[in-house]
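Biologist: Could you take me through one part of this model up close? I'd like to hear about the open sheet and whatever ties into its strands.

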Amino acid sequence: MPDALLPPVVDDDGAPFWEYAARGELRVQACAACGELRFPPRPCCPHCRSFDSEWRLMSGRGRIWSYVIPHPPLLPAYAEQAPYNAVVVELLDAPRIRLVGNVVSAPDAPLNSVDPGRLRIGAGVRVAFASAVGAGVRMPRWLLERS
């Protein structure tokens, strides 16, 4: 993965997400009091206002909820990979949780490795983690599932 692509900003609330991703695990923050899942991570549950949380392992399977093909890409490193996709994935085991990423042909493949014509709303995807970039961060990416 090219170094010029924007890395995530890791804050205190989201740090556990990235630590689990570095291990190849997709986990979502949950309230330890009421059990509600929440993303993005935050210190307080919006449902019951508890500050107790835990991180639940997800299956890593989802469906494309929305996607775009950016025109034109604004940053040079992204322009070099155009056309590429940016997707919103709804997790199958947590339908109210949606993650943003890219559908690629393999975890470390370029962003333009999947023909945009293959993308469909509702298409099944599964998470894969790209190699570590800066500070050991591994980016979750999405692979199309075969139907």
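Modeller: Let's fix one term before we start: a salt bridge here is a side-chain nitrogen of Lys or Arg within 4 Å of a carboxyl oxygen of Asp or Glu. Arg-61 and Glu-145 make such a bridge, with their closest N and O atoms 2.9 Å apart. Keep in mind that this is a predicted model. Arg-61 sits in strand 4 (residues 61–68) and Glu-145 in the segment after strand 8, so this pair links distant parts of the chain, 84 residues apart. Both ends are partly exposed: Arg-61 has 38% relative accessibility, and Glu-145 has a relative accessible area of 26%.

Now the sheet itself. Five strands make it up, antiparallel and open, in the order 6-5-4-7-8. Strand 6 (94–101) and strand 8 (137–144) are the edges, each pairing on one side only. On average, neighbouring strands are turned by 40° against each other, ignoring direction. Helix 1 (residues 15–22) lies across strand 7 (124–133) and strand 8, and runs at about 70° to strand 8.

Over at the strand 6 edge, strand 5 (residues 86–91) pairs with strand 6 in the antiparallel sense through five bridges. A hairpin of two residues joins these two strands. Leu-91 stands opposite Ala-94 of strand 6, and Val-88 is opposite Val-100.

Follow the chain out of strand 6 and you come to Asn-102, in the loop between strand 6 and strand 7. Asn-102 has 16% relative accessibility, so it counts as buried, the cut-off being under 20%. A polar atom of the Asn-102 side chain lies 2.5 Å from the backbone oxygen of Asn-85. Beyond its neighbours within four places in sequence, Asn-102 is in contact with several residues, among them Tyr-84, Val-87, Leu-111, Arg-141 and Trp-142.

Strand 6 also has a charged partner elsewhere in the chain. Arg-96 and Glu-36 meet through their side chains in a salt bridge, 2.2 Å from N to O. Because Glu-36 lies in the loop between strand 1 (27–31) and strand 2 (37–38) while Arg-96 is in strand 6, the pair ties together parts 60 residues apart in sequence. Arg-96 is exposed, at 59% relative accessibility, whereas Glu-36 is partly exposed at 28%.

In total the structure holds five salt bridges. Another one of them joins Arg-56 to Glu-54, with the closest N and O atoms 3.1 Å apart. Arg-56 is partly exposed at 30%, and Glu-54 is partly exposed too, at 34%.

Key:
Residues are numbered from 1 along each chain as its sequence is written. This is a predicted model: local features need pLDDT of at least 70, side-chain atom pairs count only at pLDDT 80 or more; totals for chains, interfaces and linings use all residues. Side-chain values use heavy atoms; hydrogens and water are left out. Two strands pair if DSSP finds at least two bridges between them. Helices (H or I, at least four residues) and strands (E, at least two) are DSSP runs, numbered from the N terminus. Axes are lines fitted to C-alpha atoms, for helices over the stretch in contact, and angles run from 0 to 180 degrees between N-to-C directions. Contact means heavy atoms within 4.5 Å. Buried means under 20% relative accessible area, exposed over 50%, partly exposed in between (1.4 Å probe, protein chains only). A polar contact is a pair of N or O atoms within 3.5 Å; within protein, one must be able to donate a hydrogen and the other to accept it, and residues adjacent in sequence count only if both atoms are side-chain atoms.
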